[in-house]
Amino acid sequence: MARLPFYIIVGVLLVAGIALSVHRHVQFEVPWTPGEQRQVWEIESLITFSAQGNPVVVDMALPSHQRGFRILTENTASSGYGLSFLEDERGRRAQWSIRQASGSQQLYYSAQLLETPPGSRQQQSQPPPLPRDIVWERPFDTAASQVIERAYQRSADPFTFTRELVRDFTGNRQGENIRLLLTQFDRTPLLVRLLNEAGVQAREVSGLLLEDGRRRQSLTSWLQVFNQQGEWVLFDPRTGEQGRPENLLLWEDRGQAVLEVQGGVNSNVTFSMIQHNQPAAAAVRNQLADDTLLNFSIHSLPLEEQALFQTILLIPIGALVVVFLRVLVGIKTSGTFMPVLIALAFIQTSLATGLIGFLLVVSVGLVIRSYLSHLNLLLVARVSAVIITVIAIISIFSVLSYRFGLNAGLTITFFPMIILAWTIERMSILWEEEGPKQVIIQGGGSLLTAVLAYLAMNNPWVRHITFNFLGVQMILMACILLLGNYTGYRLLELRRFKPVTEDS
Amino acid sequence: MMGSWTTPGKLRAKGIVGMNRRNIRYIGRYNNRRLYPLVDDKLKTKLLAHEYGITTPDLIGTVTTQFGVKHVTQLVDGLPGFVIKPAKGSGGKGILVIERVEDDVYIKPSGARLNRDDLERHVSNILSGLYSLGGAADVAMIETLITFDETFAEYTYEGVPDIRVIIFKGYPVMAMMRLSTAASDGKANLHQGAVGVGIDIATGTAIRGVQFDRPRTDHPDTGHELASLRIPDWETLLTLAAGCYEMTGLGYLGTDMVLDRQHGPMLLELNARPGLAIQMANGEGLRRRLDLIERQPDGVDVARRIAFSQKHFARKGELQQATDTAIA
């Protein structure tokens with residue numbers, strides 16, 4: 001059938017629209033409803049060191065998007081320092097530099113992190129290469145091989161091996177081999193070394209345990225252990241506990257140093273953090289704009305244009321309401337999309353003020369227009385005269401309402417004046433030709449449509465969805481196409497054709 | 001409240017065609033938009049009809065420029081009556097009927113008296129596009145007044161009764177006569193209160209009458225019963241109407257015909273988007289008839305098409321049945 005391409009287009013639009021929306025929801029944690037609260041962490045890190053009057057380079061690891069957390073904004077404060085953000089095989093890092101500095105120095109880095117529902121998907125991470133030769137001095141080599149052998153016997157795979165290994169380090173079970181090794185090495189690097197010796201890819205990473213209101217916290221080190229398939233698991237090197245705590249933010253996950261300072265001594269980094277709730281929509285707005293095609297989002301525009309688009313993206317909703325009311329219900333309106341424009345004006349004026357203003361302007365306009373029709377003017381001139389009349393009416397109402405202290409009256413200027421003029425012109429002709437009844441029917445139909453369109457467009461949920469999910473526009477398009485293909489009866493036709501079904 | 005509503009199932013059983021179906025299935029499919037100007041511009045229709053030998057009311061003249069507005073009275077000088085209409089008007093808008101002229105006073109059928117200025121203003125409004133679709137500049141046509149057949153005098157109030165025949169792929173599908181009333185201000189528009197009388201395609205006799213969508217057996221103003229309504233020269237009228245298919249190429253067409261006392265059936269205007277009220281007047285939906293015609297082959301000549309319609313769409317009027325039982 002010739003309608004096949006039509007249904008394919010509709011299907012493609014629907015699938016693409018839904019896929020884009022779901023992608024935005026899943027990938028960028030844009031919530032479906034505007035009221036949802038999201039937890040946002042404000043984390044501030046303070047780097048202190050003493051400079052010695054020489055050039056200084058400070059290099060610090062930065063957290064990146066990860067499971068459970070999403071970086072919204074980041075800021076730095078560092079007077080006099082040059083700053084650049086680097087992203088290379090060492091991960092994301094910030095580099096401060098200055099030609100000359102002396103005395104105590106303080107650098108600040110702060111980030112806002114959105115707490116996101118932990119997805120099931122594990123983050124991909126490149127396992128570190130195994131070091132070629134691990135050299136143990138005597139007598140540590142024997143101790144190490146015995147420790148490894150002991151854990152190896154009691155384990156089946158890299159993860160259980162790690163667990164057994166760490167368990168041997170803790171509490172009463174700490175054997176003399178381990179005590180010997182610990183005289184030479186720190187615990188976590190030693191564990192990594194032992195794991196590598198046993199052929200297990202592992203590294204030490206640094207994380208921050210988030211607790212509301214804590215200050216002067218420091219990073220803790222964790223073991224990241226990979227299996228042959230490249231999956232990884234975090235182990236607490238202190239207890240051997242497997243798995244990542246919910247409130248752990250991985251600050252550095254490449255096995256690199258967290259902080260490197262050249263030209264300074266006594267460097268230290270401490271963290272303070274605070275948690276607060278924020279409406280999800282606001283959290284979305286704060287997201288850093290990653291400019292990819294799939295993240296094609298209005299949020300990358302300047303704020304002023306965003307506000308404009310917030311309105312523009314609502315127009316399809318209004319159009320859908322009009323199509324619905326005309327095709328499925330059969331309401332007559334004066335001018336097809338005039339109700340949408342009136343509804344847009346209602347959004348600015350609020351409904352009651354808008355309705356009163358609209359009725360006032362149109363009824364006064366109709367009175368004046370009826371006089372104009374006696375002047376025997378050409379159409380264009382007459383409509384222009386009506387436009388000027390509308391402007392005059394609006395000005396007078398604005399001034400009057402201001403005098404009487406009704407500030408709401410001032411919003412009347414949001415009405416599209418040319419549309420109002422044409423409405424008056426059409427209504428006036430309708431009145432002359434078909435009588436006041438048709439004016440009431442069509443005018444009432446237009447107003448009803450405008451009010452319904454307004455209610456749809458002003459709904460906070462609709463505003464949230466249209467603004468945050470551009471895919472919804474495709475779904476709307478598909479709906480409108482489908483409605484345009486509807487050959488069934490209109491609701492009001494069930495009433496109109498009723499007499500035919502009555503007899504015989 | 002429930003009493004004034006019906007169900008889609010009942011409408012479907014009656015074969016009623018709704019607005020959406022009409023627009024998509026019939027107008028959208030059978031009426032090529034390229035051909036619309038032929039019917040939307042009455043001047044073009046008239047010239048084309050002349051070419052195809054379809055009778056239309058005589059054209060007295062046209063006014064195409066605002067400058068020409070001043071000459072309107074010269075054009076109509078000496079005529080007993082005339083009609084001014086916009087070439088691109090729709091739904092009967094902007095049609096001014098002058099029945100009599102008395103010392104530069106122009107009298108409408110309602111008795112309203114217009115002077116020269118009123119006339120010129122009306123023409124000027126037409127030219128500036130007040131009545132045309134989308135407000136496009138227009139042309140005013142001046143035609144002779146139709147002196148309608150005496151037999152209809154009792155069935156109408158002020159206006160000229162016209163006959164709407166729906167032509168689908170050249171086959172007459174359904175017909176109705178529209179009788180103007182006081183309520184419709186002499187206009188033959190059903191939604192303004194004109195009486196619609198369904199006409200049997202086979203015989204040209206009345207089937208059923210409606211006003212404001214409710215059944216009616218007599219004319220509200222003259223009180224004359226509608227059952228005896230019979231259109232003379234019915235075959236000629238159908239032939240003219242069906243011929244409009246070849247003339248325009250439009251598959252789904254509303255033809256508005258009138259009966260002139262001297263010239264017989266005439267084409268008044270064509271409509272590429274004919275309304276659905278004809279179903280009310282006939283008490284029957286269009287659907288079954290349209291479906292039947294859709295199954296017919298193309299390229300059948302006018303006479304055979306009419307014979308086909310007369311054979312398949314014959315109906316015995318409810319009005320006659322009512323009178324029959326009254327007599328018995």
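This passage describes the interface between chains A and B, two helix packings in chain A, and one loop glycine.

The model is predicted: local features require pLDDT of at least 70 and side-chain atom pairs count only at pLDDT 80 or more, while totals for chains, interfaces and linings use all residues. Residues are numbered from 1 along each chain as its sequence is written, and chains are lettered from A and ligands numbered from 1 in the order in which they are written.

At the interface, 25 residues of chain A are in contact with 29 residues of chain B (contact: C-beta atoms, placed from the backbone, within 7 Å). On the chain A side, α11 (379-403), α12 (417-434), α16 (493-496) and α17 (498-502) each supply at least two residues. Helices here are DSSP runs of H or I with at least four residues, and strands are runs of E with at least two, numbered from the N terminus. The chain A side comprises 11 nonpolar, 6 polar and 8 charged residues. Ala, Val, Leu, Ile, Met, Phe, Trp, Tyr, Cys and Pro count as nonpolar; Asp, Glu, Lys and Arg count as charged; the others, Gly among them, count as polar.

Helix α11(A) also packs against α10(A) (residues 351-372), at an angle of about 140° and with the axes 10 Å apart. Axes are lines fitted to C-alpha atoms, for helices over the stretch in contact, and angles run from 0 to 180 degrees between N-to-C directions. The pair is therefore oblique (under 35 degrees is roughly parallel, over 145 roughly antiparallel, 65 to 115 roughly perpendicular, the rest oblique). The crossing of α10(A) and α11(A) is right-handed, meaning that the near helix is turned clockwise from the far one by less than a right angle. Contacting residues include Leu360(A), Val364(A) and Ile368(A) of α10(A), and Val386(A), Val390(A) and Phe397(A) of α11(A). By class, this contact has 11 nonpolar, 2 polar and 2 charged residues.

Helix α9(A) (residues 338-349) crosses α10(A) at roughly 125°, and the axes come within 7 Å. That angle makes α9(A) oblique to α10(A). This crossing is right-handed. Ile342(A), Ala345(A), Phe346(A) and Thr349(A) of α9(A) meet Leu351(A), Thr353(A), Gly354(A), Gly357(A) and Phe358(A) of α10(A). The contact of α9(A) with α10(A) has 5 nonpolar, 4 polar and no charged residues.

Gly484(A) lies in the loop between α15 (471-483) and α16 of chain A. Gly484(A) is partly exposed because 13 other C-beta atoms lie within 10 Å (buried: 20 or more; exposed: 12 or fewer; partly exposed: in between). Val327(A) is 157 residues from Gly484(A) in sequence, yet 7.7 Å away in space, C-alpha to C-alpha.
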